[in-house]
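Trainee: Could you take me through one part of this protein in close detail? I would like to see how a helix sits in its surroundings, and then how that part relates to the rest of the chain.

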Amino acid sequence: PVVSYTLNVNGALQYVADGWIGDSLLTVLRDRLGLSGAKDGCGQGVCGACTVLVDGAPAAACLVSAATLGMREVTTVEGLVGPGPAAIRQGLIEQGAVQCGYCIPGVVVSAHALLARIPRPDEATVRRALAGHPCRCVGPNRMVAGVCAAAA
Ligand code: FES
């Protein structure tokens, strides 16, 4: 069935007219709202490339049904605010973690959520927080180092 509904994305209400009931949040963000920061990787909730925040917690947008979200707060990488996201990006760049870059938006979102909760996490905590973001270019160590640098 076709449904129309409103989403709360990056602090603004977005009306989605005539959407397909089965559309994932990832599909709606990218194809209807023009927010292409969340990437479409596996489509199965395992690669982390599509990570967004739902009510502040990381979630795989490819597994979330957009039409059922109601007014829950969705934050994409484009909507992250404060000095944190820039510091995380800088840390990742300086530690050589950015190669193809496909996983980076998801990593930034998860790292931002982590640092919002725990501003000075130890390395093991960072590693756990990034466990859902496998990177085939550089592996996990540079990712973890980049986020640790951002938190230092
Ligand atoms: Fe959603 Fe891979 S595209 S986790």
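Mentor: Happy to, and we will begin with helix α2 and then step back to the two domains. Keep in mind throughout that this is a predicted model.

Helix α2 covers residues 83-94. Its 12 residues, at 1.5 Å a residue, should span 16 Å, and the C-alpha atoms at its ends are 17 Å apart, so the length agrees with what is expected.

Now look at which residues of α2 face inward. Ile 88, Arg 89, Gly 91 and Leu 92 are buried. These four cover an arc of only 160° around the axis, which means that they sit on the same side of α2. What do the buried residues of α2 pack against? Their partners are α3 (104-117) and α5 (140-151). If you turn to the other side of α2, you will find Pro 83 and Ala 86, which are exposed. Just after the helix comes Gly 96, with a positive phi of about 70°.

Let us step back to the whole chain. The protein chain is divided into domain 1, residues 2-77, and domain 2, residues 83-151. The C-alpha centres of the two domains lie 22 Å apart. Where they meet, 15 residues of domain 1 are in contact with 11 residues of domain 2. On the domain 1 side, β3 (51-54) and β4 (57-60) each supply at least two residues. The largest share of that side, three residues, comes from β3. By residue type, the side of domain 1 that touches domain 2 divides into nine nonpolar, five polar and one charged.

While you are looking at domain 1, two backbone details are worth a visit. Asn 10 lies in the loop between β1 (2-9) and β2 (12-20). Its phi is near 50°, a positive value in a residue other than glycine. Is Asn 10 buried or exposed? Asn 10 counts as buried, because there are 20 C-beta neighbours inside 10 Å, and 20 is the number from which a residue is called buried. Then move along to Asp 18, which is found in strand β2. Asp 18 is not a glycine either, yet its phi is positive, about 50°. Here the surroundings read the other way: with 8 other C-beta atoms within 10 Å, Asp 18 is exposed, since 12 or fewer is the cut-off for that word.

Technical notes. Residues are numbered from 1 along each chain as its sequence is written. This is a predicted model: local features need pLDDT of at least 70, side-chain atom pairs count only at pLDDT 80 or more; totals for chains, interfaces and linings use all residues. Domain bounds come from an automatic or database domain assignment. Two residues are in contact if their C-beta atoms, placed from the backbone, lie within 7 Å. Ala, Val, Leu, Ile, Met, Phe, Trp, Tyr, Cys and Pro count as nonpolar, Asp, Glu, Lys and Arg as charged, and the others, Gly among them, as polar. The expected span of a helix is 1.5 Å times one less than its number of residues. The arc is that of the directions from the helix axis to the C-beta atoms.
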